[in-house]
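Visitor: Please take a close look at the ligand site of this model. I would like to know what lines the site, and what can be said about the parts of the chain that supply it.

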Amino acid sequence: MNDTIQKNLQYKKYILDSKLQYFKPHSSAVEKTFAEEISYSLSQDPKFISPKFFYDKKGSDLFEKICSLPEYYPTRTEISILEKLQSELPNFLDDTFQLVELGSGASVKTRLVLDIFTKLQTKTEYFPIDISEILTESSELLLKDYDSLHITGIIDTYEGGLEFLKNYDDKKNLILFLGSSFGNFTPDEGRKFLQTIHSMMKPGDLFLIGLDLVKDKQILESAYNDSQGVTSEFNLNVLSRINDELDADFNLNDFSHYSVYNSKDQRIEMYLKSLVNQSVVISKSNLLLNLLKDELIHTEHSHKYGLDQIHNLLNDVKFEIKHTWLDDNNYFSLTLVSKN
Ligand code: AVJ
């Protein structure tokens, strides 16, 4: 790899070839915030770990495995909706749009949108934003299949990536936020996040958001308690990541995956349950963590929405709703909005 080409204050720029470059914050800063955030969140009552830390390389790979589990309906359902968009999304686009994606991951679903873009354009600019290194691998795979594609990746949090792109150029963007990743936010955080997106959008920009819908409790709970135990592995992996990166001594056998649907708050709640009374050292966070038997560490909220709630939320932050698409079972939604 051609290392540091250009340094600005926070990001290193890596140019891999004429069609692929990516930006990454300096690693020292990233490690510091990980250690600090863990130190804070595991000292709270109740204890928690932010779901964004699931996505090291192993965690991203496990998430990809989740996406094709028989019980995990969201991915395949959203793909079926994106297939319908092939004929309908072009009505809202012209050949000048660039594509931005929040949480691009393996960029599998992106392909369905790139199919649309590359038919409309002779050159397509794609800006994936992802917290995981998986971004570089996914980008190289995309370039093999799309000749007219140019990729500028940003390996950072959503906020970091959006801030980075804010003044990058003045071309129109379609921003994708798929997979119901928005469901990780609490309602307050979510509203603020939508305001951030709204404020960084230029007039004429579009935003396409995928949100999972409220449905039968059994369907929801089995999606997050799959029979092959992949979701459990994904949840527990955050502890091995902390072991590796923050010099901790979690024994994964002393924890179990626990996930339940809270109908009142319309969310799947995911936890790591301590199976014994135990103490864990997290060296780089300067923390001695004491856990009681059956104590829960919260690791994820996955909110589910009603269509009215989605429309109210988007209207509240002053988006103009262009269209909502659903699948045949009304399991999942994709909503396209613009800034007016
Ligand atoms: C990536 C946040 C959309 O909430 O369904 C899947 C993550 N966690 N199984 C979700 C997840 C457990 C996923 N999101």
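Guide: What follows starts at the ligand, moves out to the elements that line its site, and ends with some backbone details elsewhere in the chain.

The model is predicted, and every value below is computed from it.

The shell around the ligand consists of 14 residues, and Y72, G179, Y224, E300 and S302 are the closest of them. Three polar distances can be given from side chains in that group. The side chain of Y72 has an N or O atom 2.4 Å from an oxygen atom of the ligand. For Y224, the distance from a polar side-chain atom to a ligand oxygen atom is 2.5 Å. For S302, a polar side-chain atom is 2.7 Å from an oxygen atom of the ligand. The ligand taken alone exposes 350 Å², and the protein buries 97% of that area.

By class, seven residues of the shell are nonpolar, six are polar and one is charged. Where does the ligand lie with respect to domain 1 and domain 2? Domain 1 covers 3–34 + 57–216 + 305–339, and domain 2 covers 42–56 + 224–303. Both domains give residues to the shell, so the ligand lies between them. At the level of secondary structure, α2, α9 and β13 (296–303) each contribute at least two shell residues. The helix α2 spans 57–67, and α9 spans 230–246.

Consider β13 next. H301 belongs to this strand. With a relative accessible area of 13%, H301 is buried, because the cut-off for that class is under 20%. Its side chain takes part in two polar contacts. One, of 3.3 Å, joins H301 to the side chain of R267. The other, of 3.2 Å, joins H301 to the side chain of H298.

H298 also leads to the strand β10, which runs over residues 267–274. M270 is part of β10, and the C-alpha atoms of M270 and H298 are 6.2 Å apart, with their positions 28 residues apart in sequence. M270 is buried, at a relative accessible area of 1%. S274, another residue placed in β10, is buried too, with a relative accessible area of 1%. From S274 to F48 the C-alpha distance is 13 Å, for a sequence separation of 226 residues.

The helix α9 is another contributor to the shell. N237 is located in α9 and is buried, with a relative accessibility of 5%. Its C-alpha atom is separated by 22 Å from that of S107, a residue 130 positions away along the chain.

Just past α9, the backbone has a feature that deserves a check. D247 sits in the loop between α9 and β9 (255–262). The phi angle of D247 is near 50°, a positive value in a residue other than glycine. Most residues other than glycine have a negative phi, and most peptide bonds are trans. D247 is partly exposed, at 41% relative accessible area.

A second positive phi is found at K318, where the angle is near 75° and the residue is again not glycine. K318 is in the loop between α10 (307–316) and β14 (319–326). At 56% relative accessibility, K318 is exposed, because that class begins over 50%. K192, in helix α7 (residues 187–200), is likewise exposed, with a relative accessibility of 56%. The C-alpha atom of K192 is 8.8 Å from that of V317, although the two residues are 125 positions apart in sequence.

The peptide bond from D45 to P46 is also of note: this bond is cis, with omega near 0°. P46 lies in the loop between α1 (27–41) and α2, and α2 is one of the elements that supply the shell.

Lastly, there is a record to set beside the model. An unreviewed UniProt entry lists residues 34–338 as "domain: Histidine-specific methyltransferase SAM-dependent". Over residues 34–338 the model has 38% helix and 26% strand, and the C-alpha atoms at the two ends are 34 Å apart.

Methods
Residues numbered from 1 in each chain as written. Predicted model: local features only at pLDDT ≥ 70, side-chain atom pairs only at ≥ 80, totals over all residues. Heavy atoms only, no water. Helix = DSSP H or I, 4+ residues; strand = E, 2+ residues; numbered from the N terminus. Buried < 20%, exposed > 50% of the residue type's maximum accessible area, 1.4 Å probe, protein only. Near = heavy atom within 4 Å. Polar contact = N/O pair within 3.5 Å; in protein donor to acceptor, adjacent residues only side chain to side chain. Areas by Shrake-Rupley, 256 points an atom, 1.4 Å probe, with all protein chains shown as cover. Nonpolar A, V, L, I, M, F, W, Y, C, P; charged D, E, K, R; others polar. Domains from an automatic or database assignment. UniProt positions renumbered as here; feature names shortened; annotations may be inferred.
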